[in-house]
Amino acid sequence: MSARQLAITVGVAVLMGVLGLALGRYAAYLVNAVAIAALGALSLNLIIGYCGQISFAQGALLGVGAYTAGNLSNAGLDGAVAILGGGLLGAAVSALVGLPAMRLRGLYFAIATLAAQAILEYLFKILDPLTNGVSGLVITPPTILGFPMNSDQSLVVPSLVILVLAWLAVSRLMRTDLGRAFLVVRESEIVAKGMGIDVSHAKMQAFLIGGFIAGVAGALAGYANRLASPEAFTLDLSADYIAMIIIGGLGTWPGPLIGAAFVVLLPEAIQRVGEAAGISDILSALRELAFGLLIILFLIFEPRGLTALLSRLRPRGIGAAPHGSVGAPGESGQPQEGGSR
Amino acid sequence: MALTASDVTIRFGGVVAVNRMALDVLPGEIVGLIGPNGAGKTTFINCLSGTYRPNAGSALWGGDELIGLSPSALLRKGVARTFQNVASLHDLTVLDIAKLGASVRRDRRFGGHLLDFFRSERALEAALTESILAPLELTDVAHKPIQTLSYGRRKAVDLARALAGDPQLLLLDEPVAGLTSHEGMAMAKAVRDVRDRLGCAVIMVEHKMDVVMSTCDRIAVMAAGSKIFEGLPAAVQADAEVRRVYLGEP
């Protein structure tokens, strides 16, 4: 990561922290929601945006983290340990979700992740002793490193600290050989193989790291909601995360946070406007429609998402967004092998 | 180390693309591989670089069998190749590609990636810039994304990637095809310089005869999957069969 990325990351987190702690409970709730969504989007951006493996199972991976951390802290462990546990199990399950990617590519793999999402949702419902079935696991507010997490405000600092650490870790990762290998795998597996990159190994690392971050995000989501239930981690959530990274900008540095803020705050704004105008029923029904439309519009006109729009408004603004345009991650670069001659 | 390839044969369905091809290359030698389109030159290179697995044959490299190894295993043994067409890899800079090339000789499982995480790349960047990018005149674009470069420069980047892995056997697939004559001459000079500096064995598939004649120490001619002639550049030009099959009558 560059010094500027470090400064921006810490600066944004401090700003979010001040807003969340100064403006009362509702602001703290929103900051937590954005931070958790940004973590989830960060993990999916790693898998889809950087490594090019389209996955619809990220919502369920957050669920794995929420149930794991919930059970661990309900059993008396410190929240920090429980969150770590959620991340580790998230990574393990993510590796299983990613296994088909060793053989399948593009849409075929995406379908396999749909199946993984469905299986995990089913497991959340039937593994009664661990998940408490359809009614959901009630999570007692834990203490994190001794601090009790008994309000929205108290969770602001841990979630922002974790967000910053994860953000910096991923930024750093993308400047190592492994991160560069992800980008080549995204463009073309044939090219990557020819360059001597172990494609399966690179993909598995992306799933492990992405799964860990998703598990941590899920653990925080469980603590924020004090509940882990099957309805919270459905395919809808996976779709929301895909919306976030597309709207924010696939494979861009600030994209996951911008997309997460947009997707979390827009419905809240619609809700407030609706309540003020007395038409909240109609407007909340429009939410899904609005997101669907936005995703299509972004895919057609600006695959690099809001990040690219912002950097176009200010040419030297959020310069971390790489220049040039990229299509959907499945779209491969020109294959290098010159056929059989 | 010397390369001794013998009896390399690969079939695609009923087509025998490479038929009992044999080729020896000594260290420090540049061997040109020429022949008409469809002769099996690139396919032969693909067999040596692990892209294809031939049906039969062997390629001994200092006593080790290369046939059957994956591209990444071959790169660790010092066998690197360049490609005919260069992919445009979004977001990756010239220096990134060189780093990727340098990374392949290290086996990085078992926590190696974790060490990368905490290691500064400054020294590596400086070394790559000086020893790899500078001779290929890529220093000024080191931090540019490669899709912003001209085709000729992208081919130089591909060569830089192969060289960053410190190869002992370099397989070049049409390194000057599509380049302007100035770029082509610079590329040919770069290949000779690399050979002089690293003392590596080079196989070069190429159609541009002036480059082949001025660069290669020895030339092998392929037609219809087999080697039909091998000898010094002057002898190749004089050979009646090569003229008939490939070069054309004067």
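At 35% relative accessibility, A:Arg226 counts as partly exposed, because that class covers what lies between buried (under 20% relative accessible area) and exposed (over 50%), taken with a 1.4 Å probe on protein chains only. The model is a predicted one, so local features need pLDDT of at least 70 and side-chain atom pairs count only at pLDDT 80 or more, while totals for chains, interfaces and linings use all residues. Residues are numbered from 1 along each chain as its sequence is written, chains are lettered from A and ligands numbered from 1 in the order in which they are written, and side-chain values use heavy atoms, with hydrogens and water left out.

Back to A:Arg226, which sits in the loop between H10 and strand S4 (227–228) of chain A. Helices here are DSSP runs of H or I with at least four residues, strands are E runs of at least two, and both are numbered from the N terminus. A:Arg226 is not a glycine, yet has a positive phi of about 55 degrees. Most residues other than glycine have a negative phi. A similar case turns up in chain B, where B:Asp7 has a positive phi of about 60 degrees although it is not a glycine. B:Asp7 belongs to strand S1 (residues 3–12) of chain B and is partly exposed, with a relative accessible area of 35%.

The helix that ends just before A:Arg226 is H10(A). Helix H10 (residues 199–225) of chain A runs for 27 residues and reaches 38 Å from its first C-alpha to its last, close to the 39 Å expected at 1.5 Å a residue (the expected span is 1.5 Å times one less than the number of residues). H10(A) is mostly covered, with 21 of its 27 residues buried. Helix H11 (residues 235–248) of chain A has 14 residues and spans 20 Å between its first and last C-alpha, close to the expected 20 Å. Of the 14 residues in H11(A), 11 are buried, so this helix is largely enclosed by the rest of the structure. Among the buried ones are A:Leu237, A:Asp240, A:Tyr241, A:Met244 and A:Gly248. Just after H11(A), A:Gly249 takes a positive phi of about 120 degrees.

Next come the helix pairs. Helix H8 (residues 177–187) of chain A packs against helix H3 (residues 94–103) of chain B at an angle of about 110 degrees, with the axes 10 Å apart. Axes are lines fitted to C-alpha atoms, for helices over the stretch in contact, and angles run from 0 to 180 degrees between N-to-C directions. H8(A) is therefore roughly perpendicular to H3(B) (65 to 115 degrees; under 35 is roughly parallel, over 145 roughly antiparallel, and the rest oblique). On the H8(A) side, A:Asp177, A:Arg180, A:Ala181 and A:Val184 meet B:Asp96, B:Lys99, B:Leu100 and B:Ser103 of H3(B), where contact means heavy atoms within 4.5 Å. By class, this contact of H8(A) with H3(B) has three nonpolar, one polar and four charged residues; Ala, Val, Leu, Ile, Met, Phe, Trp, Tyr, Cys and Pro count as nonpolar, Asp, Glu, Lys and Arg as charged, and the others, Gly among them, as polar.

Within chain B, the axes of helix H6 (residues 151–164) and helix H7 (residues 181–198) come within 11 Å and cross at roughly 10 degrees. That makes H6(B) roughly parallel to H7(B). The residues of the contact of H6(B) with H7(B) divide into six nonpolar, one polar and three charged.

Over all chains, the count comes to five aromatic pairs. Rings of Phe, Tyr and Trp (its six-membered ring) pair if their centres lie within 6.5 Å, with planes under 30 degrees apart called stacked, over 60 edge-to-face and the rest tilted. A:Tyr26 and A:Tyr29 form a stacked pair, 6.1 Å centre to centre and 25 degrees between the planes. Both lie in helix H2 (residues 24–50) of chain A, three residues apart, about one turn of the helix. A:Tyr26 is partly exposed at 36% relative accessibility.

The rings of A:Tyr67 and A:Phe124 have their centres 4.8 Å apart and their planes at 40 degrees, so the pair is tilted. A:Tyr67 lies in helix H3 (residues 58–74) of chain A and A:Phe124 in helix H5 (residues 106–126) of chain A, so the pair ties together parts that are 57 residues apart in sequence. A:Tyr67 and A:Phe124 are both buried.
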